[in-house]
Amino acid sequence: MSKLYTAKDLEKMIKQGQCLSTVPENAKLTPMARDILRKNKVKPGATAAAPAAAPAASASGAPRIHNPELPDAEDNWKPGGDPKTAAELEKFFYSPEIQAIKERMCGIGKRIWSKGYVDGNGGNITVRVGDNMVLCTPTLISKGFMTADDICMVDLDGNQIAGTRPRTSEVNTHLAIMKAEPKAKSCVHAHPVYGTAFAVAGVVPPACLIPEPEVFLGVIGLASYQTPGSPENAREVGALAKKHQSILMQNHGVICWGKDVEDAYWKMENTDAFCQTVAVTMQIGGPKQYGPDKLKELIEIRKKLGMPDSRLEELKECELCDAGEITVHTQPQPSACACNLGSAPTANADEALVQKITDMIMQKLS
């Protein structure tokens with residue numbers, strides 16, 4: 001069996017003066033270990049770092065076409081293949097493949113801590129690795145200083161089945177998302193300042209402002225406040241998972257899901273950056289939206305990427321941008337749909353709408 005090399009193993013080799021090129025060509029590497037090899041320009045099994053080779057030539061002398069592939073960290077387990085015995089479970093939990101995912105979770109933990117998205121022991125991370133198995137971060141630990149040995153595993157009912165540290169109390173919210181949406185193979189929960197500020201205000205950022213959030217986030221959801229870790233919170237958030245990959249948990253924080261842990265983390269970054277931009281925009285005159293025709297193009301791109309989006313099926317074109325206006329979920333809001341207007345809105349009407357939105361958000365943020 002090939003040896004698994006972690007970042008710590010390679011750092012130890014460097015400290016002892018060993019050449020990294022002695023790492024066997026068939027060695028298994030954690031993501032952080034691969035980063036170290038790339039940084040040192042070393043290829044496993046090579047005797048020395050060699051310069052990049054020129055493209056191989058075809059029989060005609062022309063360079064052969066290279067077909068690059070995107071890296072894919074999604075865990076595609078075999079259905080029905082979960083371990084059946086305690087011995088099989090232990091072997092699986094400490095297998096090179098699962099150890100690599102644990103390392104990746106620790107890397108994401110360090111990133112959310114470094115970004116200031118969590119403080120103290122805040123936030124949690126999960127990755128589904130089987131029909132009834134989910135890796136999760138433990139309770140009472142800084143996400144910036146975890147190791148693979150700290151990660152534990154639960155079943156879909158929240159019962160801990162592996163690991164030496166107790167699991168996070170909020171794992172049931174993650175599990176509710178995974179039960180509701182099979183595509184959700186990883187969840188990241190954190191308290192980024194701007195995203196959490198919108199959650200505390202009960203405000204969802206508007207649509208038709210920036211292309212990237214429309215493609216990579218879709219519509220951001222808002223779950224009403226429930227006690228963190230409670231069954232009520234799990235039900236509230238889980239009910240939104242089908243239509244929302246990013247969910248603001250009112251008076252609490254943000255939770256995002258994706259096909260793998262990096263995908264889920266990216267959506268956390270997207271959410272907080274979007275909320276920050278909207279917050280700043282409100283201080284310099286309010287948002288200026290592009291039209292629903294442009295939004296339709298972005299939704300089509302999102303769907304081609306395999307991400308869920310029901311807006312084109314459920315909303316009329318004139319409702320697409322209206323549905324994403326600054327929406328305060330703590331109080332009923334009047335409809336802003338312009339479907340039945342006989343003429344295009346005037347410049348004065350546009351200014352009045354912008355002023356209304358600005359007044360609403362400033363009132364909430366104050």
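Partly exposed denotes a relative accessible area between the limits for buried, under 20%, and exposed, over 50%. The close-up views below are taken from a predicted model.

**View 1. Edge-to-face pair of W113 and F145.** This is one of two aromatic pairs in the structure. The ring centres of W113 and F145 lie 4.9 Å apart, and their planes meet at 70°. W113 belongs to helix 4 (residues 96–114), whereas F145 is placed in the loop between strand 4 (133–136) and strand 5 (152–154); the pair therefore ties together parts that are 32 residues apart in sequence. With a relative accessibility of 36%, W113 is classed as partly exposed. F145 is exposed, its relative accessible area being 57%.

**View 2. Edge-to-face pair of F93 and Y94.** The rings of F93 and Y94 are separated by 5.0 Å from centre to centre, with an angle of 80° between the planes. F93 is buried, at a relative accessible area of 3%, while Y94 is partly exposed, at 45% relative accessibility.

**View 3. Lysine K102 over the ring of F93.** The buried residue F93 also appears in this view. The charged end of K102 is positioned over the F93 ring, at 3.5 Å from the ring centre.

**View 4. Lysine K185 over the face of W77.** K185 is located over the face of W77, and the distance to the ring centre is 5.0 Å.

Notes:
Residues are numbered from 1 along each chain as its sequence is written. This is a predicted model: local features need pLDDT of at least 70, side-chain atom pairs count only at pLDDT 80 or more; totals for chains, interfaces and linings use all residues. Side-chain values use heavy atoms; hydrogens and water are left out. Rings of Phe, Tyr and Trp (its six-membered ring) pair if their centres lie within 6.5 Å; planes under 30 degrees apart count as stacked, over 60 as edge-to-face and the rest as tilted. Buried means under 20% relative accessible area, exposed over 50%, partly exposed in between (1.4 Å probe, protein chains only). Helices (H or I, at least four residues) and strands (E, at least two) are DSSP runs, numbered from the N terminus. A charge sits over a ring if NZ of Lys or CZ of Arg is within 6 Å of the ring centre and within 35 degrees of the ring normal.
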